[in-house]
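User: Please take a close look at one residue of this protein and its surroundings. Then place that residue in the wider fold.

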Amino acid sequence: MKLAILDVWMPETNGIEVQERLHELSPDTRVIIITAREEPAIRTAAMEGGAFAFLGKPFDDEAFLALVRSALREAA
């Protein structure tokens with residue numbers, strides 16, 4: 001059961017690129033993408049790339065934890 005939580009905007013790369021690489025290396029890993037910049041094209045790329053969820057910051061802590069639990073249950 002594997003889960004990665006990635007921010008879209010990171011130094012030297014971005015979460016979408018990491019998600020693509022992670023999917024190649026570990027296709028069973030669930031990915032939750034977070035971002036402070038809501039951009040429809042980025043959301044679409046993340047979800048089409050297999051993201052389990054896409055959250056805009058700030059987000060509700062309980063909603064986030066519910067997503068984490070759900071992703072881990074699904075990965076089991």
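**Thr-35 and its surroundings**

Analyst: Thr-35 is buried, because its relative accessible area is 0%, under the 20% cut-off for a buried residue. The model is a predicted one. Thr-35 lies in strand β4, which covers residues 30-35. The side chain of Thr-35 reaches the backbone nitrogen of Arg-37 at a distance of 3.1 Å.

Leaving aside residues up to four places away in sequence, Thr-35 touches Asp-7, Val-8 and Trp-9, as well as Phe-54, Leu-55, Gly-56 and Lys-57. Phe-54 in turn touches Thr-35, and its other contacts beyond four places in sequence include Val-8, Ile-33, Ile-42 and Ala-46.

Two of the residues that Thr-35 touches, Val-8 and Phe-54, belong to the largest nonpolar core, which has 10 residues. Among the other members are Leu-6, Val-31, Ile-33 and Ile-42. Strand β1 (3-7), strand β4 and helix α2 (40-48) each supply at least two residues of this core. A second, separate core of 6 residues includes Ile-32, Ile-34, Ala-53 and Leu-55; Leu-55 is also one of the residues in contact with Thr-35.

As for the whole protein, there are 3 helices and 5 strands, and from the N terminus the elements run β-β-β-α-β-α-β-α. The radius of gyration is 12 Å, close to the 11 Å that the globule rule gives for 76 residues, so the protein is as compact as a globular protein of that length. Buried residues make up 32% of the 76 residues. Of the contacts with a separation of 6 or more, 51% join residues 24 or more positions apart.

Definitions and conventions
Residues are numbered from 1 along each chain as its sequence is written. This is a predicted model: local features need pLDDT of at least 70, side-chain atom pairs count only at pLDDT 80 or more; totals for chains, interfaces and linings use all residues. Side-chain values use heavy atoms; hydrogens and water are left out. Helices (H or I, at least four residues) and strands (E, at least two) are DSSP runs, numbered from the N terminus. Buried means under 20% relative accessible area, exposed over 50%, partly exposed in between (1.4 Å probe, protein chains only). A polar contact is a pair of N or O atoms within 3.5 Å; within protein, one must be able to donate a hydrogen and the other to accept it, and residues adjacent in sequence count only if both atoms are side-chain atoms. Contact means heavy atoms within 4.5 Å. A nonpolar core is a set of buried Ala, Val, Leu, Ile, Met, Phe, Trp, Tyr and Cys residues joined through side-chain atoms within 4.5 Å. The radius of gyration is taken over C-alpha atoms; the globule rule is 2.2 Å times the number of residues to the power 0.38.
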